[in-house]
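Student: Could you walk me through the ligand site and a few backbone details, and explain the terms as we go?
Tutor: Gladly; let us look at it together.

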Amino acid sequence: MASAMLSITSPSTSASLSMHDSHKGKPHFGGSSLRFSKEKGNPFSSVRSSGRISMSLAVNISRFEGIPMAPPDPILGVSEAFRADSNEVKLNLGVGAYRTEDLQPYVLNVVKKAENLMLERGENKEYLPIEGLAAFNKATVELLLGADNPVIKQQRVATVQGLSGTGSLRLAAALIERYFPGAKVLISSPTWGNHKNIFNDARVPWSEYRYYDPKTVGLDFEGMIEDIKAAPEGSFVLLHGCAHNPTGIDPTPEQWEKIADVIQQKNHIPFFDVAYQGFASGSLDEDAASVRLFVARGMEVLVAQSYSKNLGLYAERIGAMNVVSSSPEAAARVKSQLKRLARPMYSNPPVHGARIVANVVGDPALFSEWKAEMEMMAGRIKNVRQKLFDSISSKDKSGKDWSFILKQIGMFSYTGLNKNQSDNMTNKWHVYMTKDGRISLAGLSLAKCEYLADAIIDSFHNVS
Ligand code: PLA
């Protein structure tokens with residue numbers, strides 16, 4: 001609430017007035033309403049002279065009065081609303097965060113083992129170099145491209161540790177803004193909601209290419225190719241490496257080849273967001289096939305990586321930005337600029353998650369244990385996907401085809417529910433989800449599938 005202290009002095013009077021509401025009872029002097037002088041250093045205190053009355057105005061209205069309330073985040077805001085709901089049946093299918101069958105958060109065993117190793121070694125807490133932990137950077141690029149990929153041996157990849165997927169994308173956006181002024185980033189329609197925020201904040205122009213076809217509940221491949229072709233030469237094309245968020249629909253290997261053809265023809269630069277490697281299919285290699293295909297063609301490629309999902313390191317903020325370049329010299333220059341951009345933003349990245357990744361990937365026993373745990377997580381999601389489909393198909397007598405649920409991959413299902421229907425899911429059924437109709441199957445258990453099926457059927461048929 002605004003409040004202001006007003007003191008008025010004259011040879012004969014001295015008065016003090018306090019205002020607690022900027023709308024009601026606002027005093028007017030000589031017909032002019034209370035205004036703040038912008039010329040003075042402090043815009044909220046002014047001294048005015050009016051005839052023989054001199055007014056000294058000390059106003060303790062907040063300096064942040066002009067800052068409006070921001071809307072809740074469309075994804076993370078869902079978790080806030082979920083926490084505020086006291087109903088026991090509530091279900092959080094908003095954010096993509098893996099839960100066990102008991103709907104509890106899960107810390108991977110390999111992560112605990114890696115942390116024990118770190119304790120035993122008594123690692124210190126010194127600053128990392130700006131580019132991050134060397135052992136992590138080596139491990140992460142090898143995991144992405146395959147350890148024997150020639151571009152690694154030829155030192156053609158600039159890899160810097162980033163603040164998970166988001167921070168890595170943001171760093172690359174800053175590089176684009178600085179060295180490719182005016183270049184556009186093409187993003188899929190729809191895409192992960194934060195992509196637009198990232199490029200907006202970095203002042204990088206973007207436009208959308210067609211991706212999802214609601215009629216087929218599948219990929220609009222023709223539209224995608226047309227839009228990529230029509231974009232100005234040398235645009236960046238943002239692609240989801242696997243498990244497209246939010247649709248769960250990926251191009252086939254043949255389609256990836258055609259996408260690479262057009263991108264090459266148009267001299268575009270592919271920019272991959274790899275947030276789910278190993279989490280979509282259960283195989284690290286299979287989920288990196290799209291990126292490797294582009295790299296094998298000799299193309300220059302940007303790749304942001306995240307370990308939030310595949311190693312469950314959400315809060316550790318560990319990921320990387322990789323720029324595959326056509327020469328080791330170009331890679332060295334790009335890396336130097338990524339470091340230069342990172343230094344004033346966050347100086348250097350956090351060490352804990354980087355050590356976990358380096359320990360897990362660098363130790364053959366832990367590495368194979370990780371792969372088994374990843375398969376287990378991906379498998380649990382596939383099981384609830386199947387059970388949800390079975391439950392909906394047997395309960396819904398309308399004849400609607402729900403088989404799209406089984407065609408989607410990764411942790412999400414794009415249900416096709418509109419905003420009103422999604423609101424009904426939350427308001428009536430206490431199922432928390434994003435308003436675009438996306439549900440995170442990683443937050444669902446087999447036991448809750450029937451309940452969710454009832455909620456979806458009700459929302460779909462009874463709400464328009
Ligand atoms: N890229 C994509 C495609 C993502 O889906 C996410 C996370 C990220 C990057 C970034 O994750 P990170 O910064 O933790 O590495 N998307 C989540 C979470 C899982 C979120 O919105 O932040 C989602 O629910 O969509």
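Student: What makes you place the ligand between domain 2 and domain 3?
Tutor: Domain 2 (76–106 + 375–462) and domain 3 (129–362) each give residues to the shell around the ligand, so it lies between them. The domain bounds come from an automatic or database domain assignment.

Tutor: A word on conventions: this is a predicted model, where local features need pLDDT of at least 70 and side-chain atom pairs count only at pLDDT 80 or more, while totals for chains, interfaces and linings use all residues. Residues are numbered from 1 along each chain as its sequence is written, and side-chain values use heavy atoms, with hydrogens and water left out.

Student: Which residues surround the ligand most closely, and how many surround it in total?
Tutor: There are 17, and the closest are S164, T166, D273, Y276 and S306. A residue counts as near if one of its heavy atoms lies within 4 Å of the molecule.

Student: How is that shell divided by class?
Tutor: It has six nonpolar, seven polar and four charged residues. Ala, Val, Leu, Ile, Met, Phe, Trp, Tyr, Cys and Pro count as nonpolar, Asp, Glu, Lys and Arg as charged, and the others, Gly among them, as polar.

Student: Which helix gives the most to the shell?
Tutor: Helix α5 (residues 164–179), with three residues. A helix here is a DSSP run of H or I with at least four residues, and a strand is a run of E with at least two, numbered from the N terminus. S164 lies in α5, and its phi is near 60°, a positive value in a residue other than glycine.

Student: Why is the pair between T166 and the ligand called a polar contact?
Tutor: The definition asks for a pair of N or O atoms within 3.5 Å. An N or O atom in the T166 side chain is 2.6 Å from a ligand oxygen, so the pair qualifies. An N or O atom in the side chain of R317 is 2.8 Å from a ligand oxygen, and a backbone N or O atom of G96 also lies 2.8 Å from one.

Student: What makes P190 worth a look?
Tutor: The peptide bond from S189 to P190 is cis, with omega near 0°. P190 is found in the loop between β7 (185–189) and α6 (194–201).

Methods
A polar contact is a pair of N or O atoms within 3.5 Å; within protein, one must be able to donate a hydrogen and the other to accept it, and residues adjacent in sequence count only if both atoms are side-chain atoms.
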